[in-house]
Amino acid sequence: MKNYFLIAVLSILIYSCGTGNKTLNNSTSSEITKNDTIRIANDSLEYEILIIEPGFNSWLISQPPRGFYGQAKLEGKNMQFVADYNNRVLNPNKYSRNLYTERINYDPSIDYGYEVNYLLYNYFVYFQDKYNQKFIGGRN
């Protein structure tokens, strides 16, 4: 059985994309998506994380670098963020179904490694900033 870690991120992005006043040709649109797609997979643990969000890569380089936070701190924050996020998925009357589409399967007993925890933490910070959301324990 495969755990697809953060398939919900992809769903969020699909549902949260709106139409704009400008139209982009297909090559420009696919270049933007290609440049703003981060994929990490580990077949031995059977997980995958996909982050497809225009602007995430350029935002990420302005954040504290890898190694700034310890893995234990990132894991703790991610557990808080995922719990809060999943609670919002289960409460569609209070929170937008366009932002909170599917639960995230984050198992604290699995060591996903530093890179996954770093990217997941930063995606949650980015998500809060971009969509004006506040998670418990989130960065102000």
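Let's start at Phe 81, a residue that is buried, with a relative accessible area of 0%. The model we are walking through is a predicted one. Phe 81 belongs to helix H4, and Phe 135 sits in the segment after H5, so the pairing of these two rings ties together parts that are 54 residues apart in sequence. Their ring centres are 5.9 Å apart and the planes meet at 40 degrees, so this pair is tilted.

Now follow Phe 135 itself. With a relative accessibility of 6%, Phe 135 counts as buried, because anything under 20% falls in that class. A second ring partner is Phe 127: the centres are again 5.9 Å apart, but here the planes are at 0 degrees, so the pair is stacked. Phe 127 is buried too. Leaving aside residues up to four places away in sequence, the residues that Phe 135 touches include Asp 84, Tyr 85, Arg 88, Tyr 100 and Phe 124. Across the whole structure, a search finds 22 aromatic pairs.

Step back and a wider picture appears. The largest nonpolar core has 28 residues, and Phe 135 is among those with the most contacts inside it, along with Phe 56, Tyr 85, Tyr 100, Phe 124 and Phe 127. Strand S2 (47–52) and helices H3 (56–60), H4 (71–89) and H5 (114–131) each give two or more residues to this core. The largest share, 11 residues, comes from H5.

Finally, return to H4, where we began. Its buried residues include Leu 74, Val 82, Tyr 85 and Val 89. At 1.5 Å a residue, the 19 residues of H4 should span 27 Å, and the end C-alpha atoms are 26 Å apart, which agrees.

Conventions
Residues numbered from 1 in each chain as written. Predicted model: local features only at pLDDT ≥ 70, side-chain atom pairs only at ≥ 80, totals over all residues. Heavy atoms only, no water. Core = buried A, V, L, I, M, F, W, Y, C linked by side-chain atoms within 4.5 Å. Buried < 20%, exposed > 50% of the residue type's maximum accessible area, 1.4 Å probe, protein only. Helix = DSSP H or I, 4+ residues; strand = E, 2+ residues; numbered from the N terminus. Contact = heavy atoms within 4.5 Å. Expected span 1.5 Å × (residues − 1). Phe/Tyr/Trp six-rings, centres within 6.5 Å; stacked < 30°, edge-to-face > 60°.
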